Amino acid sequence: MLTAERIREYQERGFVLGGPVLNDEQVDVLRAEIDRVIRDWGDKSKPQPVLLRNLTGKDEEPVWQIVNIWEASEPFRQLLFHPFIVEAIFQLTQAQEIRVWHDQIQYKPSGK
């Protein structure tokens with residue numbers, strides 16, 4: 001839950017630095033899922049994101065764009081319903097309903 005001060009900051013600035021939301025173990029699961037979704041791209045026996053492409057076009061220097069990874073990854077789908085994230089969005093927007101149109105990841109593997 002965000003403090004009244006954080007909500008006020010958002011109203012004044014249009015953004016808020018809320019601090020960590022996920023722990024290291026949760027982040028590691030999501031990192032592994034990115035690698036798995038890239039590895040499984042095109043395998044029709046597995047769920048796929050809407051779009052997955054290498055923006056550079058170079059295998060040796062990839063920058064991956066993944067759209068709607070939640071359609072290919074249960075941990076990313078669960079992230080859409082993360083209790084803190086959902087509550088923070090409600091607090092900041094006061095909206096009764098939020099729709100995610102598209103999520104997007106741009107990922108450049110380290111050391112590449």
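What covers the buried residues of H2? The points below take up this question in a model that is predicted.

1. The cover over the buried residues of H2 includes S1, S2, S3 and helix H3, the last of these spanning 74-79. The buried residues of H2 are Leu30, Glu33, Ile34, Arg36, Val37 and Ile38, a set in which Glu33 and Arg36 are listed beside Leu30, Ile34, Val37 and Ile38. An α-helix has 3.6 residues a turn, so residues three or four places apart point the same way.

2. The length of H2 can be checked against its residue count: 16 residues at 1.5 Å a residue should span 22 Å, and because the end C-alpha atoms are 23 Å apart, the two values agree. At the start of H2, the backbone nitrogen of glutamate 25 has a side-chain oxygen of asparagine 23 within 3.1 Å.

3. Arginine 39 belongs to helix H2, which covers residues 24-39, and with a relative accessible area of 61% arginine 39 counts as exposed, because the cut-off for that class is over 50%. The C-alpha atom of arginine 39 is separated by 15 Å from that of lysine 108, a residue 69 places away along the chain.

4. Strand S2 (residues 64-67) pairs on one hand with strand S1 (residues 51-54), to which four bridges join it in an antiparallel arrangement, and on the other with strand S3 (residues 104-107), again antiparallel and over four bridges. Valine 67 takes part in each pairing, being the bridge partner of leucine 51 and standing opposite glutamine 104 in S3.

5. In a regular strand the side chains alternate between the two faces of the sheet. In S2 both faces are covered, with Trp64 and Ile66 buried on one side and Gln65 and Val67 buried on the other.

6. The largest nonpolar core has 11 residues, namely Leu30, Ile34, Val37, Ile38, Leu52, Trp64, Ile66, Ile69, Ala72, Phe76 and Ile105. The elements that contribute two or more residues to this core are H2 and S2, and H2 supplies the largest share, four residues. In soluble globular proteins, nonpolar side chains tend to be buried together.

7. Valine 37 serves as an example of how a core residue of H2 is surrounded: beyond its neighbours within four places in sequence, valine 37 is in contact with Pro49, Leu52, Ile66, Ile69, Ala72 and Ser73. Of these partners, Leu52, Ile66, Ile69 and Ala72 are also listed in the largest nonpolar core.

Technical notes
Residues are numbered from 1 along each chain as its sequence is written. This is a predicted model: local features need pLDDT of at least 70, side-chain atom pairs count only at pLDDT 80 or more; totals for chains, interfaces and linings use all residues. Side-chain values use heavy atoms; hydrogens and water are left out. Buried means under 20% relative accessible area, exposed over 50%, partly exposed in between (1.4 Å probe, protein chains only). Two strands pair if DSSP finds at least two bridges between them. A nonpolar core is a set of buried Ala, Val, Leu, Ile, Met, Phe, Trp, Tyr and Cys residues joined through side-chain atoms within 4.5 Å. Contact means heavy atoms within 4.5 Å. The expected span of a helix is 1.5 Å times one less than its number of residues. A polar contact is a pair of N or O atoms within 3.5 Å; within protein, one must be able to donate a hydrogen and the other to accept it, and residues adjacent in sequence count only if both atoms are side-chain atoms.
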